[in-house]
Structures are given as structure tokens and as C-alpha cells.
Protein chains: 2
Amino acid sequence: MEKIPILRMGKFLLVTIQVDLYDRLAEALEADLVQMVKKTGAQGVLIDISAVSIIDSFMGRIIGNIATMSKILDAETVVVGMQPAVAITLVELGLPLKGVHSSLNVERGMELLRTKINLSEGQSDDDGYAE
Amino acid sequence: MEKIPILRMGKFLLVTIQVDLYDRLAEALEADLVQMVKKTGAQGVLIDISAVSIIDSFMGRIIGNIATMSKILDAETVVVGMQPAVAITLVELGLPLKGVHSSLNVERGMELLRTKINLSEGQSDDDGYAE
């Protein structure tokens, strides 16, 4: 099984990472994901890493790449379910995942995405919205 | 990463199978899942097997077990994203997954679960609902 499935949930895409990402698999995931964002017009990407207990700089970089690519395609990325040890490792590696939002679980991640999408829609409809 | 994550999405639980299930992993998944159904009061379980390209009788049996256990705990099981080749193999193996519902993708699976839950709630509220 050499493919990470990307599930469509309404306006969002959900990716669950359960296996170690090696070069080719990570590249395939990036390519599949940007294509899915384009095809489905998704406004948000949720990456569930609750099964990831060990993270390295490679995986941190892949998550950052996905977030940047999605952002360029106008979709926000939220990482959900991070284990405490993973957060510690990321900070110690000097990889604070800039530009990536985090949530405790998928439900909260979806709420966060909904808030962000509503906010940005509000701003584009009416520039004086925040005043 | 020796654990398959179970994601809570509102009233439903979502399990994405990406790795080969061996005995211990399958047992752990069954145990985790029934505990999650109990803890969250979930009314439906979605099993995404879109990444599964080869299925054997063991995995077929595990899916059947999960469905039966969930049913006893009052939750319906829907298998989503099955690849055509997997459907062929299941029939050829003589494992038509009785008691398990199927849907093309997660979104349709959720719709199916919602319909089923509404129907059963309707029936319990009012016995003459179907007439």
C-alpha cells in the first residue's frame, strides 16, 4: 500500500499519516494533494498526525511544504492530533511549523478552518468588516 | 507507528486503513474502536479502505468483526472507498461482507449513516412512521 489516501469532507480534505514518509511517498502525497485541492476546490487541508510518535526534520519539512503549496492554491492547512512528544521534538529541532495551524483533534481543526474561511469571505465581501 | 488512529467526526468515527493488518494490529484496532464507540457514544463507524489494493480473508473477517461489534453497541458500520479489484476479490473469496454497508466515498458514507440514524430515530419515536 504505497499511497496515502486523501479524503474529501465537504470543503476540506483530510489526510491521515500512519506510515513513515520516505522520499517517494512524500513526493506522491504532495503531488496528489495539490491536484486534489485544484480538482475539488477545497478550502482547507487537515493533516492528522495522531499516529505519528516520532518526527524528524524531513517530515517537518514535508508538512511545511504542503502548507505552503496549499496556501498558494488558497487553502489553509491545519495539523491535528499532534502528540506532546512530537511538539517537543519539533521545537528542539528548530522547526516550529510556521504558517501551519494546529488543533487538538479533527473536530476542532474543522471549526478553526470554518472560522478562517468565514473571516476571509467576510473581508473580501466588505473591506470595512473589521472596523 | 503501530496504531491505527480513530478520528471522531461529530456522531461518527472514521478509520483509515493504510497498512497491512496483522494479528496484533487488528486486535488493537478492534479493541480501540469498541472503546471509542462506548466513550464517544458514536452512532456510526466509517472504515476507509481506499488505500487497500489487496485484501485477504483475514482483513475481510476483521471488517466483519468490527461491523458486528459496532452493531451490538448500536453503531452502524460503512466501508468506503473500496477499489473495484477488492470488491472482485471479496466475492471470489466468498466474503460478501454481510451486515456491512458500502459507499463510494466518505461523504456518501456519512449521508448513508445520517439517513440510517434518522430512520431508526423516527421508528423509535413513532412506530407507525413507515406507514
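# Close-up views of a predicted two-chain model

**View 1. Asp74(B) sits in the loop between H2 and E4 of chain B.** Everything here comes from a predicted model. Start with the backbone: Asp74(B) is not a glycine, yet its phi is positive, at about 70 degrees. This residue follows H2(B) in the chain. Is Asp74(B) buried or exposed? Its relative accessible area is 63%, and the cut-off for exposed is over 50%, so Asp74(B) is exposed.

**View 2. Helix H2 of chain B runs over residues 57-72.** Those 16 residues carry the helix 23 Å from the first C-alpha to the last, close to the 22 Å expected at 1.5 Å a residue. Which residues of H2(B) are buried? Look for Met59(B), Gly60(B), Ile62(B), Ile63(B), Gly64(B), Ile66(B), Ala67(B) and Ser70(B). As for what they pack against, the partners in chain B are helix H1 (23-40), strand E3 (44-48) and strand E4 (76-80).

**View 3. Glu76(B) and Lys71(B) meet in a salt bridge through their side chains.** From N to O, the gap is 2.6 Å. Glu76(B) has a relative accessibility of 19%. Buried means under 20%, so Glu76(B) counts as buried.

**View 4. Leu97(B) is another residue with a positive phi that is not a glycine.** Here the angle is about 55 degrees. Where is Leu97(B) found? Go to the loop between helix H3 (84-92) and strand E5 (101-103) of chain B. With a relative accessible area of 12%, Leu97(B) is buried, whereas Asp74(B) is exposed.

**View 5. Lys3(B) and Asp32(B) form a salt bridge within chain B.** Their closest N and O atoms are 3.8 Å apart. Lys3(B) comes from the segment before E1 and Asp32(B) from helix H1, so this pair ties together parts of chain B that are 29 residues apart in sequence. As for accessibility, Lys3(B) counts as exposed at 53%, while Asp32(B) is partly exposed at 23%.

**View 6. Over in chain A, Asp32(A) forms a salt bridge with Lys3(A).** The closest N and O atoms of this pair are 3.8 Å apart. Why does the pair tie together parts that are 29 residues apart in sequence? Because Asp32(A) lies in helix H1 (residues 23-40) of chain A, and Lys3(A) in the segment before strand E1 (6-9). Asp32(A) is partly exposed, with 23% relative accessibility, and Lys3(A) is exposed, with 52%. Over all chains, the count comes to four salt bridges.

**View 7. Ser70(A) is tucked into helix H2 (residues 57-72) of chain A.** How does Ser70(A) come out, buried or exposed? The relative accessible area is 2%, so Ser70(A) is buried. If you set aside neighbours within four places in sequence, the residues in contact with Ser70(A) are Val45(A), Ala75(A) and Thr77(A).

**View 8. Leu95(A) lies in the loop between helix H3 (84-92) and strand E5 (101-103) of chain A.** At a relative accessible area of 22%, Leu95(A) is partly exposed. Which residues does Leu95(A) touch, not counting those up to four places away in sequence? They are Ser57(A), Gly60(A) and Leu90(A). Asp56(A) is worth finding in this view too: Leu95(A) and Asp56(A) are 39 residues apart in sequence, and their C-alpha atoms are 9.6 Å apart in space.

**View 9. Chain B meets chain A, with 21 residues of chain B in contact with 21 residues of chain A.** The size of an interface is often given as the accessible area lost when the parts come together. Between them, chain B and chain A bury about 1,900 Å², with 63% of it on carbon and sulfur atoms. Which elements of chain B give two or more residues to the side that touches chain A? Strand E1 (6-9), strand E2 (12-16) and helix H4 (106-125) do. By class, that side of chain B has twelve nonpolar, four polar and five charged residues. How many salt bridges are there between chain B and chain A? The count is zero. There are, though, four residue pairs in polar contact across the interface.

Note on methods:
Residues are numbered from 1 along each chain as its sequence is written. Chains are lettered from A and ligands numbered from 1 in the order in which they are written. This is a predicted model: local features need pLDDT of at least 70, side-chain atom pairs count only at pLDDT 80 or more; totals for chains, interfaces and linings use all residues. Side-chain values use heavy atoms; hydrogens and water are left out. Helices (H or I, at least four residues) and strands (E, at least two) are DSSP runs, numbered from the N terminus. The expected span of a helix is 1.5 Å times one less than its number of residues. Buried means under 20% relative accessible area, exposed over 50%, partly exposed in between (1.4 Å probe, protein chains only). Contact means heavy atoms within 4.5 Å. Buried area is the accessible area (1.4 Å probe) that two parts lose on being put together, summed over both. A polar contact is a pair of N or O atoms within 3.5 Å; within protein, one must be able to donate a hydrogen and the other to accept it, and residues adjacent in sequence count only if both atoms are side-chain atoms. Ala, Val, Leu, Ile, Met, Phe, Trp, Tyr, Cys and Pro count as nonpolar, Asp, Glu, Lys and Arg as charged, and the others, Gly among them, as polar.
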